[in-house]
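Reader: I am new to this structure and would like the terms explained. Please set each value against its definition.

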Amino acid sequence: MKIQGLLQAAGSGTRLGRGPKAFVALAGRTLLERAVDQLLPEVDSIIVAVAAADLERARALIGDERVAFVEGAATRSATTRRLMAQATAPWLILHDVVHPFAAPELLRALVQQAHVSGAAAPGLVNAEFLYTRNGELLHPPGAVLIGQKPVAFRRDAACAGYETLPEDGLDSDPSFLDILALGGVKTAFVPGSAVNLKITTPDDLKLAEALMAVAG
């Protein structure tokens, strides 16, 4: 089975305040290195999107012929579109460097489910009441899923979804699962994990460092 990894690593890290996310260190290794190491055992090759100014730095850091690099775009969806333009395998795994705790068994479960449904993502059941910013109740605990990464999917579905959208000028940054739906594939969810956290803020990084310390 031919499968490629697509890695989003072009984020500027403004909210984190540590420079580009790809090069933020966690327990002595960058988030980029960790994400590549997560994907390589499960895929044939990886395409990484980083900011234009960081391309040479990223290539020097990774130095693996199975990993190629492309220039990221101004939005997450536009960056994913550039990754998709370079992908050739019929099955893909979309990952992001800000999820450094995606376990190998999760990646395998996603690929297995994607072969049944066309696409699969981790879903974490909400444990708290969810409200609007105006204080109106949206959902009680256990009512909705919080989508996580990685996402495993058929390449043709994502390509078909992007073909329905303009190249630029979108009013908002769409969910990748919405792109797949536009391509005719409804994403199935496998159980997510609170440990598979997303590093966005300084507090997230502190939590990630604590998890690494516990793991030894």
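Author: A charge is said to sit over a ring if NZ of Lys or CZ of Arg is within 6 Å of the ring centre and within 35 degrees of the ring normal. Note that this is a predicted model.

Reader: What makes the charged end of Arg57 count as sitting over the ring of Phe23?

Author: The charged end of Arg57 is 3.8 Å from the centre of the Phe23 ring. The limit is within 6 Å, so the distance fits the definition.

Reader: How many aromatic pairs are there, and why is the pair of Phe153 and Phe176 called edge-to-face?

Author: The count comes to one aromatic pair. The ring centres of Phe153 and Phe176 are 4.8 Å apart and the planes stand at 65 degrees. Centres within 6.5 Å make a pair and planes over 60 degrees apart make it edge-to-face, so both conditions hold.

Reader: What makes this pair a tie between separate parts of the sequence?

Author: Phe153 belongs to strand β11 (residues 151-154) and Phe176 to helix α6 (residues 176-182), so the pair ties together parts that are 23 residues apart in sequence. Both Phe153 and Phe176 are buried.

Reader: Is Gln8 buried or exposed, and how do you know?

Author: Gln8 has a relative accessible area of 5%. Buried means under 20%, so Gln8 is buried. Gln8 lies in strand β1 (residues 3-8).

Reader: What joins the side chains of Gln8 and Thr80, and why is that the right term?

Author: A polar contact of 2.6 Å joins them. The limit for a pair of N or O atoms is within 3.5 Å, so this distance fits.

Reader: Why is Thr187 classed as it is by relative accessibility?

Author: The relative accessibility of Thr187 is 10%. This is under 20%, so Thr187 counts as buried. Thr187 lies in the loop between α6 and β12. The C-alpha atoms of Thr187 and Gln113 are separated by 9.5 Å, and these residues are 74 residues apart along the chain.

Reader: Which residues make the nonpolar surface patch, and what makes Phe189 eligible for it?

Author: Val125, Leu145 and Phe189 make the patch, which is about 260 Å². Phe189, in strand β12 (residues 188-191), has a relative accessible area of 38%. Patch residues need over 30%, so Phe189 passes that cut-off. Phe189 is called partly exposed because 38% is neither under 20% nor over 50%.

Reader: How many salt bridges does the search find, and why does the contact of Arg108 and Glu42 qualify?

Author: The search of the whole structure finds five salt bridges. For Arg108 and Glu42, the N to O distance is 3.2 Å. The limit is within 4 Å, so the contact qualifies. This pair links distant parts of the chain, 66 residues apart: Arg108 is in helix α4 (residues 104-117), and Glu42 is in the loop between α1 (31-39) and β4 (45-50).

Reader: What makes the contact of Arg59 and Glu56 a salt bridge, and how are these residues placed in the helix?

Author: Their closest N and O atoms are 2.6 Å apart, which is within 4 Å, so the term applies. Arg59 and Glu56 are three residues apart in helix α2 (residues 55-62), so they are separated by about one helical turn. Glu56 is exposed because its relative accessible area of 55% is over 50%.

Notes
Residues are numbered from 1 along each chain as its sequence is written. This is a predicted model: local features need pLDDT of at least 70, side-chain atom pairs count only at pLDDT 80 or more; totals for chains, interfaces and linings use all residues. Side-chain values use heavy atoms; hydrogens and water are left out. Rings of Phe, Tyr and Trp (its six-membered ring) pair if their centres lie within 6.5 Å; planes under 30 degrees apart count as stacked, over 60 as edge-to-face and the rest as tilted. Helices (H or I, at least four residues) and strands (E, at least two) are DSSP runs, numbered from the N terminus. Buried means under 20% relative accessible area, exposed over 50%, partly exposed in between (1.4 Å probe, protein chains only). Patches are made of residues with over 30% relative accessible area and no salt bridge: like charges are joined within 9 Å, nonpolar side chains (Val, Leu, Ile, Met, Phe, Trp, Tyr) within 5 Å. Accessible areas come from the Shrake-Rupley method with a 1.4 Å probe; for residues, only the protein chains shown count as cover. A salt bridge is a side-chain nitrogen of Lys or Arg within 4 Å of a carboxyl oxygen of Asp or Glu. A polar contact is a pair of N or O atoms within 3.5 Å; within protein, one must be able to donate a hydrogen and the other to accept it, and residues adjacent in sequence count only if both atoms are side-chain atoms.
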